[in-house]
Amino acid sequence: MKVEEILKKMEEMIGEKPLPQVLMAKIIPEWVERQMEERKLVMQLPEIPEKYKHLIMIVVAAAVGSKMCTEVFTKIAKRRGVTEKEIGEAILIARFALASTIFATATPALEWLVGSDKL
């Protein structure tokens, strides 16, 4: 498949031009086909339903702070039938999981503050 065809397919999937891919295609065009192949591979893996894969992509993008990817993955998920409530719930779950990691990260500092002899 030609780069232009792949970019057009991505645009149809998202509902707008995939700007990072369009830009990268001008620098390393052979990467665009690889990106689409990888997406196809992960979406065809059989154990996790497609809806969950979309939700995972949304919350990972949000957790790492990628506004663009969070928005794009949300648009794709919505076009694939994932509901607003499902997306919202997944984001709340990710928020809880990410917030909970603060305790694990801060445990050494808390131990120092409390003193290990007081445990």
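Me: What makes lysine 51 and glutamate 86 a salt bridge?

Reply: A salt bridge needs a side-chain nitrogen of Lys or Arg within 4 Å of a carboxyl oxygen of Asp or Glu. The side chains of lysine 51 and glutamate 86 meet at 2.6 Å, N to O, so the pair fits that rule. Lysine 51 lies in helix 4 (residues 50-63) and glutamate 86 in helix 6 (residues 84-114), so the salt bridge ties together parts that are 35 residues apart in sequence. Keep in mind that this is a predicted model, where local features need pLDDT of at least 70, side-chain atom pairs count only at pLDDT 80 or more, and totals for chains, interfaces and linings use all residues. Residues are numbered from 1 along each chain as its sequence is written, and side-chain values use heavy atoms, with hydrogens and water left out.

Me: Why is lysine 51 called partly exposed?

Reply: Buried means under 20% relative accessible area, exposed means over 50%, and partly exposed is in between (1.4 Å probe, protein chains only). Lysine 51 has 33%, so it falls in the middle class. Its partner glutamate 86, with 24%, is partly exposed too.

Me: And what about glutamate 84, buried or exposed?

Reply: Glutamate 84 reaches 60% relative accessibility, so it counts as exposed. Glutamate 84 forms a salt bridge with lysine 78 at 3.8 Å, N to O. Lysine 78 is partly exposed, with 42%.

Me: Which residues does the salt bridge of lysine 75 bring together?

Reply: Lysine 75 meets glutamate 16 at 2.5 Å, N to O. This pair links distant parts of the chain: lysine 75 is in helix 5 (67-79), while glutamate 16 sits in the loop between helix 1 (3-14) and helix 2 (19-27), 59 residues apart. Glu16 and Lys75 also belong to a network of salt bridges with Glu71. In total, the structure holds seven salt bridges.

Me: How do you know what counts as a helix in this protein, and how many are there?

Reply: Helices are DSSP runs of H or I with at least four residues, strands are runs of E with at least two, and both are numbered from the N terminus. The protein comes to six helices and zero strands.

Me: What is the radius of gyration of the protein, set against a compact globule?

Reply: The radius of gyration is taken over C-alpha atoms, and the globule rule is 2.2 Å times the number of residues to the power 0.38. For 119 residues a compact globule would be near 14 Å, but the protein has 19 Å. Its C-alpha atoms fill a box of roughly 65 × 35 × 25 Å along the principal axes.
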